[in-house]
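The exercises below are to be worked with the sequence and the coordinates at hand. Each task is followed by a solution in steps.

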Amino acid sequence: MSARRLVLLLGQWRAAGSRQGSTGLAAGIRRLVLEGELPPGTTLPAERELAAALGVSRTLVAAAWEQLRGDGFLRSRRGSGTWTAQPNTPAAPTAFTEQPLDLARAAPAALPEILAAFDRVRDRFAVELGGHGYHEVGHPLLRARLAERFTARGLPTDPEQVLVTNGSHHALALALRTLTGPGDRVLLEQPTYPNAIDAIRAAHAVPVPVPMPEAGWDLAGLAATIRQAAPRLAYLVVDFHNPTGRRLDAPGRERLAAVLRRTHTPTVVDEALVELDLDGDPADGPPPMAVFAPNQVITVGSASKSHWGGLRLGWVRAPAEVVHRLVAARYAFDLGSPVFEQLVLAELYADPEPLLAARRAQIRTQRGALVDALREHCPSWEFEVPAGGQSLWCALPAPISTRIAVGAQRVGVRVAPGSRFGAHGGLERWLRLPYTLAPPALVEAVRRLAVVAGEVGGETAPGAGAGLIPVA
């Protein structure tokens with residue numbers, strides 16, 4: 001982190017008329033760490049260099065650094081400099097019970113048509129019973145239907161470029177096993193999908209976060225990070241990003257693809273939410289990232305958000321050579337996805353648009369209900385209404401996200417704190433709220449959260465209990 005960049009991030013860190021400059025500087029750095037702008041491990045400029053950039057004395061900077069080291073937000077070593085850290089907080093185990101209002105799993109109930117599809121594929125399934133039932137690449141019919149859908153969205157695809165998996169998370173795990181090794185760096189956005197962070201760590205790889213600015217993507221920062229960190233793989237969500245709901249436009253995709261091509265960086269692009277374009281038609285949206293960088297992009301998708309998580313089916317779209325490598329790696333995990341569920345999903349994709357339009361209409365109504373409830377019960381919470389996806393990314397008036405998540409369990413609401421969406425914690429001023437429940441349940445959940453938010457306070461948040469909440 002250069003001194004100039006840090007000064008820009010700090011902004012107006014010194015209160016007007018304040019004589020306690022070191023306290024204000026320490027508070028500014030603390031805020032940047034908690035909000036994820038300075039992820040733990042970020043090397044800070046030398047005291048003398050930062051003092052010159054801020055126009056203050058080196059003594060002031062040294063005093064601020066001493067405060068932050070005492071609070072656990074900074075660590076230093078002679079010869080290695082000073083870097084940010086996340087304070088160690090006690091994580092006492094807490095009892096976990098199923099909550100009736102689940103805002104941690106951003107996944108809707110099944111489409112009603114799924115039951116009818118079960119009935120329609122019975123005869124086709126009976127034919128399958130005469131075989132061994134193993135399709136390590138996926139059932140041919142489903143692969144063909146998925147290839148047709150990619151082609152309709154502007155990405156010509158052959159079934160040989162499609163691999164059926166047990167969800168998009170499974171697809172990411174396969175890519176990590178195939179393309180990375182222990183200690184390799186994996187670039188990702190900050191914030192990002194929590195289970196992706198867990199998958200990267202489970203592969204013994206190192207997540208390298210690139211903070212997202214207040215709007216859009218920091219493509220310059222992403223390019224600089226790729227040059228400096230040389231990640232073996234990148235994981236990005238450019239369609240209704242989870243959790244912010246943003247979508248990268250076509251010019252941005254061209255710029256991003258140019259970086260990936262120039263640096264030869266393989267990239268997993270997660271399209272789990274691409275079909276949930278609530279203000280338009282997915283076929284009319286920006287072209288898939290693989291259009292711009294066909295040799296670098298591995299596209300993963302899922303039926304969990306568009307149809308139903310209980311099908312446990314996802315897919316990979318990649319060059320045929322990459323698909324063959326992923327299949328070879330798959331044998332260490334499983335030997336294929338269930339045949340019956342694949343036939344059901346293939347039936348649903350025979351004429352996909354009516355079902356997807358119905359899902360979008362349902363989610364659109366639920367989005368409106370959540371927006372209205374927040375504006376009524378939590379008027380100090382700030383958020384942008386996304387054009388698609390399944391959640392709002394709410395800016396809280398104070399860094400109390402984990403306190404809210406812990407307190408919410410007491411009132412029968414399950415919600416994931418902002419820290420779950422950061423590679424190294426932080427993001428305590430943020431809370432993801434999915435709009436995947438029915439409108440009455442959303443209104444009641446927000447009403448309860450408003451009560452909890454009114455009870456909690458403070459500038460730091462304990463980690464107890466929040467990390468036990470499953471997130472989807």
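**Exercise 1. Helix 9 and its surroundings**

Helix 9 is followed by His204, whose phi is positive, near 60°. The model is a predicted one.

Task: list the buried residues of helix 9 and state what covers them.

Solution.
- Step 1. Helix 9 spans residues 194–202. A residue is taken as buried when its relative accessible area is under 20%.
- Step 2. The residues of helix 9 that are buried are Pro194, Asn195, Ala196, Ile197, Ala199 and Ile200.
- Step 3. The cover over these residues includes helix 8 (168–179), strand 6 (185–190), strand 7 (206–211) and strand 8 (233–236).

**Exercise 2. The sheet of seven strands**

Task: give the strand order of the open sheet of seven strands, find its edges, and name a helix that packs on it.

Solution.
- Step 1. The order is 5-11-10-9-8-6-7, and the pairing is mixed.
- Step 2. Strand 5 and strand 7 each have a single partner strand, so one side of each lacks a neighbour in the sheet and both stand at the edges.
- Step 3. From one strand to the next, the twist averages 25°.
- Step 4. Strand 5 pairs with strand 11 (residues 314–317) in the antiparallel sense, over four bridges. In this pairing, Thr165 stands opposite Gly314 of strand 11.
- Step 5. Helix 14 (residues 320–330) packs on the sheet and touches strand 5, strand 10 (297–302) and strand 11. The direction of helix 14 makes about 25° with that of strand 5.

**Exercise 3. Two buried polar side chains**

Task: for Gln161 and Thr178, decide whether each is buried or exposed, and list the contacts that are not local in sequence.

Solution.
- Step 1. Gln161 lies in the loop between helix 7 (140–152) and strand 5 (162–165).
- Step 2. The relative accessibility of Gln161 is 17%, so this residue counts as buried.
- Step 3. With neighbours within four places in sequence set aside, Gln161 contacts Pro156, Val316, Arg317, Ala318, Pro319, Ala320 and Val323.
- Step 4. Thr178 belongs to helix 8. Its relative accessible area is 18%, which means that Thr178 is buried.
- Step 5. Not counting residues up to four places away in sequence, Thr178 touches Arg325, Leu326 and Ala329.
- Step 6. The C-alpha atoms of Thr178 and Val322 are separated by 9.1 Å, although the two residues are 144 residues apart along the chain.

**Exercise 4. Two helix pairs**

Task: classify the packing of helix 10 with helix 11, and that of helix 17 with helix 18.

Solution.
- Step 1. Helix 10 (residues 219–229) and helix 11 (residues 250–263) pack at about 5°, with axes 11 Å apart. Helix 10 is therefore roughly parallel to helix 11.
- Step 2. Helix 10 contributes Leu219, Ala220, Leu222, Ala223 and Ile226 to the contact, and helix 11 contributes Gly252, Arg255, Leu256, Val259, Leu260 and Thr263.
- Step 3. By class, the contact of helix 10 with helix 11 holds eight nonpolar, two polar and one charged residue.
- Step 4. The axes of helix 17 (residues 401–410) and helix 18 (residues 439–455) come within 9 Å and cross at roughly 125°. Helix 17 is therefore oblique to helix 18, and the crossing is right-handed.
- Step 5. On helix 17 the contact involves Arg403, Ile404, Gly407, Ala408 and Arg410, and on helix 18 it involves Leu449, Val452, Ala453 and Glu455.
- Step 6. The contact of helix 17 with helix 18 divides into five nonpolar, one polar and three charged residues.

**Exercise 5. Strand 12**

Task: how many residues of strand 12 are buried, and which strand is joined to strand 12 by bridges?

Solution.
- Step 1. Strand 12 covers residues 391–395, and five of the five are buried, so the strand is largely enclosed by the rest of the structure.
- Step 2. Both faces are covered, with Ser391, Trp393 and Ala395 on one side and Leu392 and Cys394 on the other.
- Step 3. Strand 12 runs antiparallel to strand 14 (residues 430–434), and five bridges join the two. Trp393 stands opposite Arg432 of strand 14.

Definitions and conventions
Residues numbered from 1 in each chain as written. Predicted model: local features only at pLDDT ≥ 70, side-chain atom pairs only at ≥ 80, totals over all residues. Heavy atoms only, no water. Axes fitted to C-alpha atoms, helices over the stretch in contact; angles between N-to-C directions. Parallel < 35°, antiparallel > 145°, perpendicular 65-115°, else oblique. Left-handed = near helix turned anticlockwise from the far one by under 90°. Contact = heavy atoms within 4.5 Å. Nonpolar A, V, L, I, M, F, W, Y, C, P; charged D, E, K, R; others polar. Buried < 20%, exposed > 50% of the residue type's maximum accessible area, 1.4 Å probe, protein only. Pairing = 2+ DSSP bridges.
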